[in-house]
Structures are given as structure tokens and as C-alpha cells.
Amino acid sequence: MNKTVKIAAAASAGIAVVAIGATSFAQAKPAAAVPSAAAGHGKHRHHRHVGHPGVVEQIATGSVVVAFSHHGHVVDRTFSTTGLYVRAGYYPSSPAILKTGEPVQVTGGSGHAIMVVLPVANGKLAQSAGNWTIQAAKATFSLSNGSPTFYGMSGWTAGTPVMAFGTRQGSTIANVAIAAHPEVRPATVAANQSGVLTLKTGQGTVTYTPSNMPTSLLQRMQHLKVGTHVVAVISPTNQVLMVRPVRHQKAIRRYGVLNSTTAGQVNSVSATALTLNSGYGSSTVNLSGYTVKVQWPHHSGATVSQLTSGLKVVAHKNLKAKTVVIRVIG
């Protein structure tokens with residue numbers, strides 16, 4: 001992987017925060033009431049999930065429920081799709097990309113939240129026996145959807161470095177979208193017309209028209225001064241996806257396995273370990289030395305030993321508190 005792609009693979013989890021140089025949002029508004037389909041799951045509410053990783057738990061008409069881990073508890077948060085800004089990694093998207101089990105990063109509160117769907121695989125497109133696959137560094141993943149949404153590309157092209165969005169079970173990805181890896185270029189603001197930026201890069205001049213972000217952030221974009229040094233994330237189709245001031249580069253986290261949250265289907269379970277076919281392949285959650293709590297609707301007092309192969313679960317691990325909360329979601 002070349003240097004450009006390595007930079008482009010930096011945390012899309014931090015995209016929403018650093019897109020215009022903000023370090024955080026204001027405290028989020030209280031969540032709306034959880035719809036009846038999710039009733040009983042939100043015993044511990046927390047109204048500030050700034051840049052928190054989570055997993056899409058339920059989708060209803062007009063809303064989406066995301067499960068977070070907070071101080072050893074599973075916290076549900078309901079977001080209205082009205083006023084929800086959704087991105088597929090760096091790419092502007094829509095709530096249509098949201099599917100149960102997808103890993104996401106959420107910034108902001110109800111009515112002005114940015115929900116970034118994180119990729120479940122990175123690699124190069126290849127074709128095998130007429131089917132498309134992703135050749136990753138250590139594995140090959142089959143793509144079950146032959147007609148996904150494409151970002152930064154017009155269709156299937158072998159050898160293209162891509163990110164896959166959706167859910168993953170073992171070596172099969174139920175892909176909702178496929179996005180070409182963008183390029184990251186140092187740039188300088190050459191002009192700012194009410195937030196529409198003309199950027200000068202080593203490869204020429206490009207224009208960035210900010211979109212898919214709250215009004216407050218669009219307004220901040222208007223105040224970027226001419227001469228400001230920025231980093232521009234640009235798709236292979238020459239679309240500017242994101243701009244961030246250079247001074248915030250160190251705030252970016254590398255994305256990958258969500259080290260506190262794992263979602264997937266139960267493969268095997270014992271008193272000391274839970275193995276899942278998760279969104280990042282086969283993952284084992286160590287239970288030895290941890291206090292484990294199972295939350296399973298209509299199964300009061302459920303224990304780990306009752307979990308059976310094929311159950312869909314979300315496991316939240318708190319390394320500091322030495323607790324694991326296992327939520328059965330299907």
C-alpha cells in the first residue's frame with residue numbers, strides 16, 4: 001500500500017469531527033423515545049455520545065437505534081433519520097445505507113448527528129468464478145450483493161483498492177456499498193466564497209462544496225481563511241470529500257476492529273470465550289476474568305451457557321471495569 005492510500009485509510013471514525021477542524025460538538029440533545037420495537041433495551045441512557053463507536057441495532061420507519069458501550073453498560077440511542085447526516089466512510093451518503101449489524105461512529109445529537117458507517121473490509125477487487133471478491137492482506141472475502149451502491153467509481157473494476165460497507169459473516173460480506181479509496185493531498189485555501197473553497201494542490205486546483213453536515217459546521221467552513229493549509233480527501237473521480245486543517249491531523253484515529261464492541265453470530269461459546277463470526281471476520285471475545293452479563297429479551301437471568309450457535313449478538317467489553325455485556329439482538 002502506498003503512502004497516499006495509507007493516509008486515506010486513517011480513521012473514517014473521526015471524519016465527522018475533523019472535517020472542518022472542530023474538535024467536538026456541543027452536548028447532544030436528549031434522545032427521542034425508543035420506538036416500541038426497541039422497548040426495554042435502553043435502561044441506561046446517556047446523552048452525550050461524541051464520536052463513539054457503536055453498532056446499528058434496529059431500524060424502524062424514521063429512526064435508527066444504535067447500541068453503544070458506556071461504563072460497562074449497553075446504551076441504546078435512537079436517532080431520527082430526519083436531520084441525520086450519514087456518510088459511508090469519507091463519502092456523503094444517506095440513511096438507505098444503514099443496515100442492522102453495521103459498525104458506525106456517531107457524532108452529535110438528535111437532529112444534527114453525523115453517522116459514519118465504517119468499512120468492514122479493505123482490499124482490492126478481484127473476480128473469481130464469475131463472482132466479485134475483495135483480496136485483503138490476509139484473507140479473501142466474497143461479496144454477496146452484485147448491485148451495491150458505488151462511491152468514487154462507476155462499477156466493478158478488478159484491481160481497484162476499495163472499502164466495503166455492510167456486514168460480514170466469516171468470509172462473506174453482505175455488501176451495501178463499495179467505495180474506491182480516496183487520495184489525500186496537502187492543499188491551500190486559495191479562495192473562500194461563502195464556504196465554497198477553491199483549493200490549490202500539487203496536482204492542480206479543485207473546488208470543495210461542503211455538504212451532508214449540520215448547518216453550524218457549514219457556517220464554520222465559511223470562516224476558513226485564504227492561505228490556510230489543509231488536507232483534502234479526494235475521490236478517484238476528483239470529488240473533494242472532506243477538508244480538514246493540518247493542525248488537527250494528530251486527532252485522527254486509525255479505524256479497524258472496534259476494540260470495545262464486537263457484533264456477529266455466535267460460532268462457539270464456553271465459560272472463558274465467545275467466538276463470533278463478526279463484522280471483522282471470526283473474532284474471539286475473552287471472558288476469562290471478566291464479569292459477564294447477558295441481556296436477552298424475554299430471557300430474564302440468561303447466562304452465557306444458554307447462548308447457542310447462530311444467535312446474533314453484540315458484545316461490549318470494558319477493559320478497565322473488567323466487564324462484558326452480551327446483547328442478543330436476533
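## Exercises on a predicted model

In this predicted model, the count of salt bridges comes to 3. Let's work through them, and then look at rings, a strand and confidence.

### Exercise 1: Salt bridges

**Task.** Find which residues form the salt bridges, and work out whether each of these residues is buried or partly exposed.

**Solution.**

Step 1. Begin with Glu-57 and Arg-327, whose side chains meet in a salt bridge at 2.7 Å, N to O. Glu-57 belongs to strand 1 and Arg-327 to strand 24 (residues 323-328), so this pair ties together parts that are 270 residues apart in sequence.

Step 2. Now look at Asp-76, which forms a salt bridge with Arg-327; their closest N and O atoms are 3.2 Å apart. Here, too, distant parts of the chain are linked: Asp-76 is in strand 3 (residues 73-80) and Arg-327 in strand 24, 251 residues apart.

Step 3. Put these together: Glu-57, Asp-76 and Arg-327 are linked in a network of salt bridges.

Step 4. Check the burial of the network, remembering that buried means under 20% relative accessible area. Glu-57 has 5% relative accessibility, so Glu-57 counts as buried. Arg-327 is at 1%, so Arg-327 is buried, and Asp-76, at 1%, counts as buried.

Step 5. Finish with Arg-185 and Glu-183, whose side chains meet at 3.4 Å, N to O. Arg-185 is buried because its relative accessibility is 10%, while Glu-183, at 28%, counts as partly exposed.

### Exercise 2: Aromatic rings

**Task.** Two ring pairs to classify: is Tyr-91 with Tyr-151 stacked or tilted, and what about Trp-132 with Trp-156?

**Solution.**

Step 1. The structure holds 3 aromatic pairs. For Tyr-91 and Tyr-151, the centres are 5.6 Å apart and the angle between the planes is 35°, and the pair is tilted. Tyr-91 lies in strand 5 (residues 91-92) and Tyr-151 in strand 11, so the pair ties together parts 60 residues apart in sequence. Both Tyr-91 and Tyr-151 are buried.

Step 2. The ring centres of Trp-132 and Trp-156 are 5.3 Å apart with planes at 10°, so this pair is stacked. Trp-132 sits in strand 9 (residues 131-135), and Trp-156 in the loop between strand 11 and strand 12.

Step 3. Compare the two Trp residues: Trp-132 counts as buried at 16% relative accessibility, whereas Trp-156 counts as partly exposed at 22%. Together with Phe-150, Trp-132 and Trp-156 form one aromatic cluster.

### Exercise 3: Strand 6 and its partners

**Task.** Describe how the side chains of strand 6 point, and find which strands pair with strand 6.

**Solution.**

Step 1. In a regular strand, side chains alternate between the two faces of the sheet. Pro-103, Gln-105 and Thr-107 point one way from strand 6, while Val-104 and Val-106 point the other way.

Step 2. Look at burial: 5 of the 5 residues of strand 6 (residues 103-107) are buried.

Step 3. Strand 1 (residues 52-60) pairs with strand 6 in the antiparallel sense over 4 bridges, and Gln-105 is the bridge partner of Pro-53. Strand 7 (residues 114-117) also pairs with strand 6 in the antiparallel sense, over 4 bridges; there, Ile-114 is the bridge partner of Thr-107.

### Exercise 4: Confidence

**Task.** Find which elements have the lowest and the highest mean pLDDT.

**Solution.**

Step 1. The average pLDDT of the protein is 76, and 77% of the residues score at least 70.

Step 2. Helix 1 (residues 3-8) has the lowest mean among the elements, 28, and strand 11 (residues 149-151) the highest, 96.

Step 3. The pLDDT is below 50 over residues 1-50, and also over residues 247-259.

How values were computed. Residues numbered from 1 in each chain as written. Predicted model: local features only at pLDDT ≥ 70, side-chain atom pairs only at ≥ 80, totals over all residues. Heavy atoms only, no water. Buried < 20%, exposed > 50% of the residue type's maximum accessible area, 1.4 Å probe, protein only. Helix = DSSP H or I, 4+ residues; strand = E, 2+ residues; numbered from the N terminus. Pairing = 2+ DSSP bridges. Salt bridge = Lys/Arg side-chain N within 4 Å of Asp/Glu carboxyl O. pLDDT = per-residue confidence, 0-100. Contact = heavy atoms within 4.5 Å. Phe/Tyr/Trp six-rings, centres within 6.5 Å; stacked < 30°, edge-to-face > 60°.
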